Amino acid sequence: METYMWREILIPYEQAVNELVIKFESIVNESRRLGTYSPIEFVTGRVKKISSILEKAKKKQISMSYIEEEIEDIAGIRIICQFVEDIDRVVELIHKRNDMEVKYEKDYVQNTKKSGYRSYHIIVYYNVHTALGEKRIQAEIQIRTLAMNFWATIEHSLQYKYGHNIPVAIQNRLIRSAEAAHMLDQEMSKIRDEIMDAQNSFQYKSNIIADILNNLQNIKKKGDDIHEVDQLQDEFYRLWEEGNLEKLVAFNKHLDNIAEVYRVQSL
Ligand code: 0O2
(Lines give C-alpha, C1' and ligand atoms only; values in the text may rest on other atoms or scores of the structure.)
Protein backbone atom coordinates (compact mmCIF):
# COMPACT_ATOMS: atom_id res chain seq x y z
CA MET A 1 0.00 0.00 0.00
CA GLU A 2 1.35 3.44 -0.98
CA THR A 3 2.21 5.98 1.71
CA TYR A 4 -0.23 8.60 0.42
CA MET A 5 -3.09 6.12 0.86
CA TRP A 6 -2.42 5.96 4.59
CA ARG A 7 -3.07 9.65 5.01
CA GLU A 8 -6.40 9.29 3.23
CA ILE A 9 -7.31 6.24 5.28
CA LEU A 10 -6.37 7.75 8.62
CA ILE A 11 -8.07 11.16 8.27
CA PRO A 12 -11.56 9.89 9.27
CA TYR A 13 -10.01 8.06 12.25
CA GLU A 14 -8.28 11.25 13.41
CA GLN A 15 -11.56 13.09 13.14
CA ALA A 16 -13.42 10.34 14.99
CA VAL A 17 -10.88 10.39 17.84
CA ASN A 18 -11.14 14.19 18.15
CA GLU A 19 -14.93 14.10 18.15
CA LEU A 20 -15.21 11.23 20.62
CA VAL A 21 -12.76 12.81 23.06
CA ILE A 22 -14.76 16.07 22.98
CA LYS A 23 -18.04 14.19 23.45
CA PHE A 24 -16.83 12.28 26.50
CA GLU A 25 -15.07 15.33 27.92
CA SER A 26 -18.33 17.24 27.71
CA ILE A 27 -19.79 14.77 30.25
CA VAL A 28 -16.98 15.75 32.65
CA ASN A 29 -17.43 19.47 32.00
CA GLU A 30 -21.20 19.33 32.36
CA SER A 31 -20.95 17.50 35.69
CA ARG A 32 -18.37 20.01 36.94
CA ARG A 33 -20.57 22.95 35.98
CA LEU A 34 -23.58 21.39 37.69
CA GLY A 35 -21.52 20.43 40.74
CA THR A 36 -22.47 16.75 40.36
CA TYR A 37 -20.23 13.70 40.38
CA SER A 38 -18.68 12.70 37.06
CA PRO A 39 -18.08 8.96 36.50
CA ILE A 40 -15.34 10.04 34.08
CA GLU A 41 -12.13 11.52 35.47
CA PHE A 42 -10.44 12.23 32.14
CA VAL A 43 -10.36 11.10 28.52
CA THR A 44 -7.54 10.52 26.06
CA GLY A 45 -7.48 9.38 22.46
CA ARG A 46 -5.04 8.36 19.79
CA VAL A 47 -4.90 7.06 16.25
CA LYS A 48 -2.80 3.91 16.05
CA LYS A 49 0.60 4.52 14.49
CA ILE A 50 1.07 3.11 10.98
CA SER A 51 3.96 0.94 12.24
CA SER A 52 1.71 -0.53 14.98
CA ILE A 53 -1.08 -1.18 12.46
CA LEU A 54 1.38 -3.01 10.23
CA GLU A 55 2.77 -5.00 13.17
CA LYS A 56 -0.70 -6.05 14.30
CA ALA A 57 -1.69 -6.97 10.73
CA LYS A 58 1.42 -9.11 10.44
CA LYS A 59 0.89 -10.77 13.82
CA LYS A 60 -2.75 -11.57 13.06
CA GLN A 61 -2.11 -12.34 9.38
CA ILE A 62 -4.57 -9.73 8.18
CA SER A 63 -4.35 -8.85 4.50
CA MET A 64 -4.04 -5.14 3.66
CA SER A 65 -7.50 -4.98 2.11
CA TYR A 66 -9.10 -6.09 5.42
CA ILE A 67 -7.13 -3.84 7.75
CA GLU A 68 -9.99 -1.43 8.45
CA GLU A 69 -12.44 -4.25 9.13
CA GLU A 70 -10.14 -6.45 11.18
CA ILE A 71 -8.12 -3.93 13.17
CA GLU A 72 -10.77 -2.45 15.40
CA ASP A 73 -8.55 -0.12 17.40
CA ILE A 74 -7.16 2.17 14.69
CA ALA A 75 -9.18 4.82 16.57
CA GLY A 76 -8.70 4.39 20.31
CA ILE A 77 -10.34 6.24 23.17
CA ARG A 78 -9.40 5.76 26.80
CA ILE A 79 -11.83 6.76 29.53
CA ILE A 80 -10.33 6.93 33.00
CA CYS A 81 -12.55 6.65 36.07
CA GLN A 82 -11.84 7.08 39.76
CA PHE A 83 -13.71 4.00 40.97
CA VAL A 84 -14.47 0.54 39.57
CA GLU A 85 -18.21 1.28 40.01
CA ASP A 86 -17.86 4.21 37.60
CA ILE A 87 -16.87 1.83 34.81
CA ASP A 88 -20.39 0.31 34.80
CA ARG A 89 -21.92 3.77 34.65
CA VAL A 90 -19.78 4.73 31.67
CA VAL A 91 -20.61 1.44 29.92
CA GLU A 92 -24.31 2.19 30.51
CA LEU A 93 -23.88 5.72 29.12
CA ILE A 94 -22.24 4.37 25.98
CA HIS A 95 -25.06 1.84 25.43
CA LYS A 96 -27.65 4.61 25.70
CA ARG A 97 -26.02 6.87 23.10
CA ASN A 98 -27.38 6.92 19.60
CA ASP A 99 -24.30 8.47 17.97
CA MET A 100 -22.39 5.19 18.34
CA GLU A 101 -23.35 1.54 18.05
CA VAL A 102 -21.82 -1.14 20.24
CA LYS A 103 -20.33 -3.97 18.19
CA TYR A 104 -19.14 -6.05 21.15
CA GLU A 105 -17.51 -5.78 24.58
CA LYS A 106 -14.63 -7.45 26.42
CA ASP A 107 -14.72 -7.39 30.19
CA TYR A 108 -11.15 -7.67 31.42
CA VAL A 109 -12.25 -6.13 34.73
CA GLN A 110 -14.07 -9.31 35.78
CA ASN A 111 -11.86 -11.54 33.61
CA THR A 112 -8.33 -10.31 34.39
CA LYS A 113 -5.83 -11.21 31.65
CA LYS A 114 -2.96 -13.56 32.46
CA SER A 115 -0.58 -10.57 32.37
CA GLY A 116 -2.60 -8.90 35.16
CA TYR A 117 -4.27 -6.45 32.73
CA ARG A 118 -7.68 -5.11 33.76
CA SER A 119 -9.87 -2.81 31.70
CA TYR A 120 -13.29 -2.81 30.02
CA HIS A 121 -13.23 -2.64 26.22
CA ILE A 122 -16.07 -1.67 23.92
CA ILE A 123 -15.79 -1.73 20.16
CA VAL A 124 -18.20 0.75 18.58
CA TYR A 125 -19.24 1.78 15.11
CA TYR A 126 -19.14 5.53 14.66
CA ASN A 127 -20.09 7.68 11.67
CA VAL A 128 -17.77 10.52 10.69
CA HIS A 129 -18.59 13.21 8.18
CA THR A 130 -15.45 14.23 6.31
CA ALA A 131 -14.92 16.44 3.27
CA LEU A 132 -15.09 13.25 1.21
CA GLY A 133 -18.43 12.21 2.66
CA GLU A 134 -19.74 10.02 5.47
CA LYS A 135 -17.76 7.04 6.70
CA ARG A 136 -18.64 4.39 9.27
CA ILE A 137 -15.55 3.48 11.22
CA GLN A 138 -14.78 1.29 14.22
CA ALA A 139 -13.28 2.60 17.44
CA GLU A 140 -12.09 0.88 20.59
CA ILE A 141 -13.10 2.48 23.87
CA GLN A 142 -11.06 1.32 26.86
CA ILE A 143 -12.61 2.13 30.23
CA ARG A 144 -10.50 1.69 33.35
CA THR A 145 -9.73 3.14 36.76
CA LEU A 146 -6.76 5.35 37.58
CA ALA A 147 -5.07 2.37 39.26
CA MET A 148 -5.69 0.08 36.26
CA ASN A 149 -4.38 2.80 33.96
CA PHE A 150 -1.22 3.29 36.01
CA TRP A 151 -0.47 -0.42 35.82
CA ALA A 152 -1.29 -0.76 32.10
CA THR A 153 0.84 2.26 31.17
CA ILE A 154 3.89 0.91 33.00
CA GLU A 155 3.40 -2.61 31.67
CA HIS A 156 2.96 -1.31 28.11
CA SER A 157 6.29 0.57 28.33
CA LEU A 158 8.02 -2.58 29.56
CA GLN A 159 6.49 -4.62 26.72
CA TYR A 160 8.13 -2.19 24.30
CA LYS A 161 11.42 -2.15 26.18
CA TYR A 162 11.68 -5.94 26.13
CA GLY A 163 10.13 -6.43 22.67
CA HIS A 164 7.13 -8.27 24.20
CA ASN A 165 9.43 -10.71 26.03
CA ILE A 166 9.46 -9.37 29.56
CA PRO A 167 11.84 -11.39 31.79
CA VAL A 168 9.95 -13.79 34.08
CA ALA A 169 11.16 -12.05 37.27
CA ILE A 170 9.71 -8.75 36.05
CA GLN A 171 6.54 -10.47 34.84
CA ASN A 172 6.03 -11.83 38.33
CA ARG A 173 6.53 -8.42 39.85
CA LEU A 174 4.02 -7.01 37.38
CA ILE A 175 1.48 -9.66 38.39
CA ARG A 176 2.02 -8.76 42.04
CA SER A 177 1.68 -5.05 41.31
CA ALA A 178 -1.53 -5.75 39.33
CA GLU A 179 -2.88 -7.43 42.48
CA ALA A 180 -1.85 -4.39 44.52
CA ALA A 181 -3.62 -2.08 42.05
CA HIS A 182 -6.70 -4.29 42.34
CA MET A 183 -6.58 -4.03 46.13
CA LEU A 184 -6.19 -0.25 45.88
CA ASP A 185 -9.36 -0.13 43.75
CA GLN A 186 -11.21 -2.28 46.28
CA GLU A 187 -10.09 -0.12 49.23
CA MET A 188 -11.05 3.09 47.41
CA SER A 189 -14.48 1.63 46.62
CA LYS A 190 -15.08 1.08 50.34
CA ILE A 191 -14.66 4.79 51.07
CA ARG A 192 -16.18 5.90 47.76
CA ASP A 193 -19.21 7.64 49.29
CA GLU A 194 -17.02 9.67 51.60
CA ILE A 195 -14.62 10.66 48.80
CA MET A 196 -17.50 11.56 46.48
CA ASP A 197 -19.16 13.71 49.18
CA ALA A 198 -15.92 15.62 49.73
CA GLN A 199 -15.35 16.13 46.00
CA ASN A 200 -18.95 17.15 45.32
CA SER A 201 -19.01 19.73 48.09
CA PHE A 202 -15.64 21.10 46.96
CA GLN A 203 -16.95 21.39 43.38
CA TYR A 204 -20.25 22.91 44.56
CA LYS A 205 -18.43 25.53 46.61
CA SER A 206 -16.12 26.36 43.68
CA ASN A 207 -19.15 26.81 41.42
CA ILE A 208 -20.92 29.10 43.92
CA ILE A 209 -17.81 31.24 44.27
CA ALA A 210 -17.43 31.44 40.49
CA ASP A 211 -21.12 32.46 40.22
CA ILE A 212 -20.70 35.14 42.91
CA LEU A 213 -17.65 36.61 41.19
CA ASN A 214 -19.46 36.55 37.88
CA ASN A 215 -22.49 38.30 39.37
CA LEU A 216 -20.29 40.91 41.06
CA GLN A 217 -18.51 41.61 37.79
CA ASN A 218 -21.80 42.00 35.89
CA ILE A 219 -23.28 44.25 38.58
CA LYS A 220 -20.12 46.36 38.61
CA LYS A 221 -20.32 46.85 34.83
CA LYS A 222 -23.94 47.99 34.95
CA GLY A 223 -24.51 49.30 38.46
CA ASP A 224 -24.67 53.07 38.95
CA ASP A 225 -24.08 52.87 42.68
CA ILE A 226 -20.35 52.20 43.07
CA HIS A 227 -20.72 52.31 46.84
CA GLU A 228 -23.22 49.43 46.69
CA VAL A 229 -20.81 47.34 44.59
CA ASP A 230 -17.97 47.96 47.07
CA GLN A 231 -20.21 46.92 49.94
CA LEU A 232 -21.17 43.73 48.10
CA GLN A 233 -17.54 42.96 47.41
CA ASP A 234 -16.62 43.46 51.09
CA GLU A 235 -19.52 41.24 52.10
CA PHE A 236 -18.28 38.55 49.74
CA TYR A 237 -14.74 38.61 51.22
CA ARG A 238 -16.20 38.42 54.73
CA LEU A 239 -18.35 35.40 53.83
CA TRP A 240 -15.54 33.75 51.90
CA GLU A 241 -13.25 34.01 54.94
CA GLU A 242 -16.01 32.61 57.14
CA GLY A 243 -16.39 29.70 54.68
CA ASN A 244 -20.03 28.94 55.50
CA LEU A 245 -21.51 27.38 52.36
CA GLU A 246 -25.16 28.12 53.21
CA LYS A 247 -24.38 31.81 53.72
CA LEU A 248 -22.49 31.93 50.41
CA VAL A 249 -25.46 30.33 48.63
CA ALA A 250 -27.86 32.87 50.20
CA PHE A 251 -25.53 35.73 49.26
CA ASN A 252 -25.38 34.46 45.68
CA LYS A 253 -29.21 34.42 45.55
CA HIS A 254 -29.20 38.01 46.76
CA LEU A 255 -26.73 38.93 43.97
CA ASP A 256 -28.92 37.09 41.43
CA ASN A 257 -31.83 39.35 42.43
CA ILE A 258 -29.73 42.52 42.07
CA ALA A 259 -28.41 41.31 38.71
CA GLU A 260 -31.99 40.69 37.60
CA VAL A 261 -32.95 44.26 38.50
CA TYR A 262 -30.02 45.54 36.42
CA ARG A 263 -30.85 42.94 33.74
CA VAL A 264 -27.27 41.64 33.80
CA GLN A 265 -27.88 38.11 35.06
CA SER A 266 -25.70 35.38 33.44
CA LEU A 267 -27.13 32.07 32.27
P1 0O2 B 1 -1.59 -0.71 21.74
O2 0O2 B 1 -0.17 -0.39 21.49
O3 0O2 B 1 -2.05 -0.27 23.10
O4 0O2 B 1 -2.51 -0.25 20.65
P5 0O2 B 1 -4.67 -9.77 21.41
O6 0O2 B 1 -5.41 -10.69 20.49
O7 0O2 B 1 -4.81 -10.12 22.88
O8 0O2 B 1 -3.25 -9.55 21.03
P9 0O2 B 1 -6.63 -7.81 20.63
O10 0O2 B 1 -7.36 -8.88 19.92
O11 0O2 B 1 -6.32 -6.59 19.84
O12 0O2 B 1 -5.28 -8.32 21.26
O13 0O2 B 1 -7.55 -7.41 21.79
P14 0O2 B 1 -7.29 -7.04 23.29
O15 0O2 B 1 -6.66 -8.16 24.02
O16 0O2 B 1 -8.61 -6.60 23.76
O17 0O2 B 1 -6.25 -5.84 23.27
C18 0O2 B 1 -6.58 -4.60 22.75
C19 0O2 B 1 -5.78 -3.52 23.44
O20 0O2 B 1 -5.94 -3.64 24.86
C21 0O2 B 1 -4.29 -3.60 23.24
O22 0O2 B 1 -3.97 -3.01 22.02
C23 0O2 B 1 -3.79 -2.82 24.44
O24 0O2 B 1 -3.98 -1.44 24.26
C25 0O2 B 1 -4.73 -3.29 25.52
N26 0O2 B 1 -4.20 -4.48 26.19
C27 0O2 B 1 -4.63 -5.75 26.07
N28 0O2 B 1 -3.91 -6.57 26.83
C29 0O2 B 1 -3.00 -5.82 27.47
C30 0O2 B 1 -1.94 -6.10 28.42
O31 0O2 B 1 -1.73 -7.22 28.85
N32 0O2 B 1 -1.21 -5.03 28.86
C33 0O2 B 1 -1.44 -3.76 28.42
N34 0O2 B 1 -0.66 -2.79 28.89
N35 0O2 B 1 -2.41 -3.47 27.52
C36 0O2 B 1 -3.16 -4.47 27.06
P37 0O2 B 1 -2.62 -3.35 21.28
O38 0O2 B 1 -2.84 -3.18 19.82
O39 0O2 B 1 -2.14 -4.71 21.70
O40 0O2 B 1 -1.60 -2.30 21.80
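Reader: Which element gives the largest share of the lining of the largest cavity?
Author: The largest share comes from α6, with 4 residues. Please note that this is a predicted model.

Reader: And which elements supply at least two residues each of that lining?
Author: Two helices do so: α5, residues 146-161, and α6, residues 168-190.

Reader: Which residues line the largest cavity, then?
Author: The lining consists of G116, Y117, R118, A147, M148, W151, A178, A181, H182 and D185. By class, 6 of the lining residues are nonpolar, 2 are polar and 2 are charged.

Reader: How much space lies in the largest cavity?
Author: The largest cavity holds about 60 Å³.

Reader: How many cavities of 30 Å³ or more does a search of the whole structure find?
Author: The search finds 1 cavity at or above that volume.

Reader: Let us turn to the largest pocket. How much space lies there?
Author: About 1700 Å³ lies in the largest pocket. Its lining takes two or more residues from each of β1, α2 (50-59), β2, β3 (101-107), β4 (120-130), β5, α5 and α6.

Reader: Which of those gives the largest share of the pocket lining?
Author: That is α5, which contributes 6 residues to the lining of the largest pocket.

Reader: How many residues line the pocket, and which lie nearest its centre?
Author: There are 43 lining residues, and K48, K56, D73, H156 and H164 lie nearest the centre of the pocket. The lining divides into 17 charged, 13 polar and 13 nonpolar residues.

Reader: H164 is in that list. Where does H164 lie in the fold?
Author: H164 sits in the loop that runs between α5 and α6.

Reader: Is H164 buried or exposed?
Author: H164 is exposed, because its relative accessible area is 51% and the cut-off for exposed is over 50%.

Reader: What is the phi of H164?
Author: Phi of H164 is near 65 degrees, which is a positive value in a residue other than glycine. Most residues other than glycine have a negative phi.

Reader: What about the phi of R263?
Author: R263 is likewise a residue other than glycine with a positive phi, near 55 degrees. R263 belongs to the segment after α9, residues 245-261, and R263 counts as exposed at 73% relative accessibility.

Reader: Now the ligand. How many residues are around the ligand, and which come nearest?
Author: There are 17 residues around the ligand, of which K48, K56, K60, K113 and E155 come nearest.

Reader: Which atom of the ligand is 3.0 Å from the side chain of K106?
Author: An oxygen atom of the ligand is at that distance from an N or O atom in the K106 side chain. R46 also has a polar side-chain atom 3.1 Å from an oxygen atom of the ligand.

Reader: And what lies 3.1 Å from a polar backbone atom of A152?
Author: A nitrogen atom of the ligand lies at that distance from the A152 backbone atom.

Reader: Moving to the strands: why is strand β2 largely enclosed by the rest of the structure?
Author: Strand β2 spans residues 75-81, and 6 of its 7 residues are buried, so β2 is largely enclosed.

Reader: How many bridges join β1 to β2, and do they run parallel or antiparallel?
Author: Strand β1, residues 42-47, is joined to β2 by 6 bridges, and the two run antiparallel. Within this pairing, F42 stands opposite I80 of β2.

Reader: In what sense do β2 and β5 pair?
Author: β2 and β5, residues 133-145, pair in the parallel sense over 7 bridges. I77 has I141 in β5 as its bridge partner.

Reader: Where is I74 found?
Author: I74 is in the loop between α3, residues 67-70, and β2. I74 counts as buried, because its relative accessibility is 1%.

Reader: One last residue: is S119 buried or exposed?
Author: S119 counts as buried, because its relative accessibility is 0%. S119 lies in the loop between β3 and β4.

Reader: With which side chain does the side chain of S119 make a polar contact of 3.2 Å?
Author: That contact is with the side chain of R144. A polar contact of 3.4 Å also joins the side chains of S119 and Y117, and Y117 is one of the residues lining the largest cavity.

Methods:
Residues are numbered from 1 along each chain as its sequence is written. This is a predicted model: local features need pLDDT of at least 70, side-chain atom pairs count only at pLDDT 80 or more; totals for chains, interfaces and linings use all residues. Side-chain values use heavy atoms; hydrogens and water are left out. On a 1 Å grid over the protein atoms alone, a cavity is a set of points where a 1.4 Å probe fits but cannot get out, and a pocket is an open set with protein on both sides within 12 Å along at least five of seven lines; lining residues have an atom within 4 Å of a point. Grid points are joined across faces, edges and corners, and a volume is the space filled by probe spheres set on the points. Ala, Val, Leu, Ile, Met, Phe, Trp, Tyr, Cys and Pro count as nonpolar, Asp, Glu, Lys and Arg as charged, and the others, Gly among them, as polar. Buried means under 20% relative accessible area, exposed over 50%, partly exposed in between (1.4 Å probe, protein chains only). Two strands pair if DSSP finds at least two bridges between them. A residue is near a molecule or strand if one of its heavy atoms lies within 4 Å of it. A polar contact is a pair of N or O atoms within 3.5 Å; within protein, one must be able to donate a hydrogen and the other to accept it, and residues adjacent in sequence count only if both atoms are side-chain atoms.
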